[in-house]
Amino acid sequence: MARIFSGIQPSGELHIGNYLGAVKNWVALQHTAESIFCIVDYHAIIGAYEPDQLRARRREMALGLLAAGIDPDVASLFVQSDVPEHTELAWIFNTVTPLGELERQTQFKDKSQRMESVNAGLLNYPILQAADIMLYRADQVPVGEDQIQHLELARVIARRWNAQFAGEQEFFPEPKPLLTPTRRIMGLDGQSKMSKSMGNTIGMMESRDEIWAKLRPAVTDPKRIKKTDPGTPEVCNIYHLHRAFSPPPTVEHVAVQCSTAGWGCIDCKKVLLESMETELVPIRTRAEELRAQPDRLDAALASGAEKCRGIARETMRGVRDRMGFG
Ligand code: SF4
């Protein structure tokens, strides 16, 4: 059985961008491959942060993942900092990673341009990502398109380490991307990717009224100024959310109603709200149950960490041995 690894930052409450862009896919994949899902808290400390907030966000993310359908009896869910081998392997990979490859990473170039002072962690971030994957010698990594470049670098790192230390055999498999089927989800402003830092998200745990308060003013096709103006569904973020949440006959109906000016955008958004509620209410219910039983959350994370520590130690034994340590 193939082994997959994927990580998510502990940004607190899961939002529908995380859910549609990654987590919903994880929930399906956990039944098809040995699945390891990691809350990558070491990745979350590159910018300024509050330690107490990090603790709370890590927990909230774990709760969201379990409520969304990650089953700890099927997949391993754990927190990165509970398995210290991640940082040990990252250091080792530092020594085989070409600096030029790191400087070429689009995400580094974008983010560093917006920062007053750039720390080495931002540059080396993809090395830690490579270590996350290789520690479990994962064959496949579910990713969005924006992560493909980092995964390609992970493959380069695996190749270089193997060439230097693994002799004839391949110790680290070169992980293959498993592209997430959902296109990246735009924020409610219709301008940029849905992300907490942009303030354009809908949280998975928000109530029906809170969701409607955000959906109602959300950006649609800018050319639909009056209700009588026909629209172009493909340019509208609400239509793409329908494609993610509504059944196919509803999506078809939306496209027809939009392009023939058969209804207004508010009508369209009301239908979307119902589709979202159908999917989100059971998730919110499970989240409430988990909140009432914090021991279940602790037990899930502890058992995930225990299992992953076992795999990580085994990998590091092989790494140390081949590199002349111990
Ligand atoms: S009718 Fe729906 S799909 Fe068309 S522009 Fe309005 S919100 Fe978007």
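Q: How many aromatic pairs does the count come to in this predicted model?
A: Let's start with the rings, bearing in mind that the model is predicted. Rings pair if their centres lie within 6.5 Å. By this rule, the number of aromatic pairs is 8.

Q: Are the rings of Phe-78 and Tyr-136 stacked or edge-to-face?
A: Their centres are 5.8 Å apart and their planes stand at 70°. Planes over 60 degrees apart count as edge-to-face, so the pair of Phe-78 and Tyr-136 is edge-to-face.

Q: How many residues apart in sequence are the parts that Phe-78 and Tyr-136 tie together?
A: Phe-78 belongs to strand E3 (residues 76-79). Tyr-136 is found in the loop between helix H6 (120-134) and strand E4 (140-143). The pair therefore ties together parts whose separation in sequence is 58 residues.

Q: Is Tyr-136 buried or exposed?
A: The cut-off for buried is under 20% relative accessible area. Tyr-136 has 0% relative accessibility, so it counts as buried.

Q: What kind of aromatic pair do Phe-171 and Phe-172 form?
A: Here the centre-to-centre distance is 4.9 Å, with 80° between the planes. Both Phe-171 and Phe-172 are buried, and they belong to one aromatic cluster with Phe-93, Trp-161 and Phe-165. The pair of Phe-171 and Phe-172 is edge-to-face.

Q: Which residue lies over the face of Phe-171?
A: Phe-171 is a handy ring to look at again, as a member of the aromatic cluster. At 3.9 Å from its ring centre lies Arg-137.

Q: Which side chain makes a polar contact with the side chain of Ser-195?
A: Ser-195 lies in the loop between strand E5 (176-179) and helix H8 (208-215). At 3.0 Å, its side chain makes a polar contact with that of Ser-197.

Technical notes: Residues numbered from 1 in each chain as written. Heavy atoms only, no water. Helix = DSSP H or I, 4+ residues; strand = E, 2+ residues; numbered from the N terminus. Polar contact = N/O pair within 3.5 Å; in protein donor to acceptor, adjacent residues only side chain to side chain. Phe/Tyr/Trp six-rings, centres within 6.5 Å; stacked < 30°, edge-to-face > 60°. Buried < 20%, exposed > 50% of the residue type's maximum accessible area, 1.4 Å probe, protein only. Lys NZ or Arg CZ within 6 Å of the ring centre and 35° of its normal.
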